[in-house]
Amino acid sequence: MRERIIDNFGRVHNYLRISLTDNCNLRCFYCMPEEEYAFTPHTKLMQVEEIGPLAKLFVDHGVTKIRLTGGEPLVRKDAPEIIRTLSRLPVELTMTTNGIRIDDMLPQIVDAGFSSINISLDTLQPDKFFRITRRDYFDRVRRNIDLLLEKQVQTKLNVVVMKGLNDDEILDFVELTRLYPIEVRFIEFMPFSGNRWSSNQVLTLNEILERIGSAYDIEPIPPKPNDTSKPFAIAGHMGKIAVISTMTAPFCESCNRMRLTADGKLKNCLFSKEETDLLSALRNGEDVLPLIQQSIRSKAESLGGQLTKDFKDIETDSLKNRSMITIGG
Ligand code: SAM
Ligand code: SF4
């Protein structure tokens with residue numbers, strides 16, 4: 001194998017998240033910027049014939065896992081073609097989606113052999129789904145989760161937990177794991193540009209575990225290397241739960257992730273201020289690899305060098321970042 005992608009702290013970067021678009025068929029208030037937002041025009045997005053070679057370059061330099069994300073990756077008309085192109089690479093392929101268009105693309109999704117698919121669903125109540133997402137797609141998402149399970153695609157649910165919004169549903173989500181072989185991943189609410197984050201809305205890892213532990217017998221499962229989630233088994237349940245504790249117990253020490261935004265900028269951390277324009281370099285016929293190596297070498301030790309260790313001290317006004325929908329979660 002050729003030279004791997006390693007940062008100045010010795011962390012080997014072998015996991016690439018590719019955002020396909022900053023467009024979306026939902027309007028989740030915690031993800032979109034507050035102000036009216038103009039989606040990036042198609043020509044400024046990475047095209048299929050650019051995503052393929054860029055992804056291959058990363059794979060040639062040690063990447064073993066690629067996650068498609070967005071925006072909503074499946075709103076792109078050419079998503080099936082992109083998925084087919086990436087499924088030919090020798091990598092574990094995964095995707096994070098809001099699940100709305102799974103039914104439209106089910107054969108292509110099944111054929112691509114995704115190792116797992118994460119569906120984001122923050123509530124099990126249709127009216128609350130509408131309040132969070134400003135769109136009426138609850139039933140379709142719910143049906144599409146069943147479709148994936150029928151096709152035996154390993155399915156995970158992403159639940160962003162926010163105090164006073166959906167923390168009263170934590171046990172309802174845990175109950176889903178009794179009969180379904182799914183992993184429910186509770187995510188601590190994170191601050192991004194324009195998402196009106198406040199520390200008061202964060203339900204912490206410990207608080208989440210306390211609530212679940214009061215009703216269920218939970219047992220930690222040893223995490224896999226580079227796992228960002230803390231997984232737990234529940235006695236008698238087919239599925240499991242996990243908590244992604246970026247705010248109170250981050251996992252930067254073993255970080256192996258890089259993010260390519262839909263407009264082809266490399267971000268070395270979800271919270272990094274800087275980004276490196278790989279797409280323009282590729283379009284100008286320049287050598288992209290040195291740019292990738294340089295970007296990863298300049299990665300901060302933790303949390304993009306921006307967030308404070310105690311999340312209650314974070315000053316959102318001083319954070320320099322994109323909104324989540326334009327980074328690719
Ligand atoms: N549209 C797809 C979806 O919703 O799954 C993929 C993109 S979305 C940005 C990726 C993940 O980021 C989703 O699970 C979403 O809930 C999560 N997310 C968005 N904003 C977040 C925030 N402020 N804090 C924590 N998670 C967030
Ligand atoms: Fe769209 Fe996903 Fe953001 Fe919701 S979380 S607005 S579905 S990109």
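The exchange below goes through some features of a predicted model.

Biologist: Which helix gives the largest share of the largest nonpolar core?

Modeller: The largest nonpolar core has 99 residues. Among those with the most contacts inside this core are Ile18, Phe58, Ile66 and Leu86. Six residues, the largest share, come from one helix, residues 48-60, which is H1.

Biologist: Ile109 is also listed among the residues with the most contacts in that core. Which residues does Ile109 touch, not counting those up to four places away in sequence?

Modeller: Ile109 is named alongside Phe186 and Ile212 for its contacts inside the core. With residues up to four places away left out, the partners of Ile109 are Leu74, Met95, Ile102, Phe114, Ile117 and Leu148.

Biologist: Is Gln47 buried or exposed?

Modeller: Gln47 sits in the loop between strand S1 (15-19) and H1. Its relative accessibility is 16%. Buried means under 20%, so Gln47 counts as buried.

Biologist: Which backbone oxygen does the side chain of Gln47 reach?

Modeller: Leaving aside neighbours within four places in sequence, Gln47 is in contact with His42, Arg76 and Arg283. The polar contact is made at 2.8 Å, and the backbone oxygen belongs to Leu45.

Biologist: At what angle do helix H6 and helix H7 pack?

Modeller: Two packed helices are described by the angle between their axes and the distance between the axes. For H6 (residues 170-179) and H7 (residues 205-213), the axes are 10 Å apart. H6 passes H7 in a right-handed crossing. The packing angle is about 65°.

Biologist: How many residues of the contact of H6 with H7 are nonpolar?

Modeller: From H6, the contact has Ile170, Leu171 and Val174, which meet Ile208, Arg211 and Ile212 in H7. The residues of this contact include no polar ones and one charged one. The nonpolar residues number five.

Biologist: Arg134 is not a glycine. What is its phi?

Modeller: Most residues other than glycine have a negative phi. Arg134 lies in the loop between helix H4 (126-133) and helix H5 (138-150), and is partly exposed, with a relative accessible area of 42%. The phi of Arg134 is positive, about 55°.

Biologist: Gln152 is not a glycine. Is Gln152 buried or exposed?

Modeller: Gln152 is placed in the loop between H5 and strand S5 (155-161), and has a positive phi of about 60°. Its relative accessibility is 72%. Exposed means over 50%, so Gln152 counts as exposed.

Biologist: How many Å apart in space are Phe271 and Ile314?

Modeller: Phe271 is in the loop between strand S11 (265-267) and strand S12 (276-277). At 4% relative accessibility, Phe271 counts as buried. In sequence, Phe271 and Ile314 are 43 residues apart. From C-alpha to C-alpha, the separation in space is 12 Å.

Biologist: Why does Arg11 count as buried?

Modeller: Arg11 is found in the segment before S1. Buried means under 20% relative accessible area. Arg11 counts as buried because its relative accessible area is 7%.

Biologist: Which residue has its backbone oxygen 2.9 Å from a polar atom of the side chain of Arg11?

Modeller: Apart from neighbours within four places in sequence, the contacts of Arg11 include Ile5, Ile6, Cys252, Glu253 and Cys255. Lys299, Ala300 and Glu301 are also in contact with Arg11. The backbone oxygen at 2.9 Å from the side chain is that of Ala300.

How values were computed. Residues are numbered from 1 along each chain as its sequence is written. Chains are lettered from A and ligands numbered from 1 in the order in which they are written. This is a predicted model: local features need pLDDT of at least 70, side-chain atom pairs count only at pLDDT 80 or more; totals for chains, interfaces and linings use all residues. Side-chain values use heavy atoms; hydrogens and water are left out. A nonpolar core is a set of buried Ala, Val, Leu, Ile, Met, Phe, Trp, Tyr and Cys residues joined through side-chain atoms within 4.5 Å. Buried means under 20% relative accessible area, exposed over 50%, partly exposed in between (1.4 Å probe, protein chains only). Helices (H or I, at least four residues) and strands (E, at least two) are DSSP runs, numbered from the N terminus. Contact means heavy atoms within 4.5 Å. A polar contact is a pair of N or O atoms within 3.5 Å; within protein, one must be able to donate a hydrogen and the other to accept it, and residues adjacent in sequence count only if both atoms are side-chain atoms. Axes are lines fitted to C-alpha atoms, for helices over the stretch in contact, and angles run from 0 to 180 degrees between N-to-C directions. A crossing is left-handed if the near helix is turned anticlockwise from the far one by less than a right angle, and right-handed if clockwise. Ala, Val, Leu, Ile, Met, Phe, Trp, Tyr, Cys and Pro count as nonpolar, Asp, Glu, Lys and Arg as charged, and the others, Gly among them, as polar.
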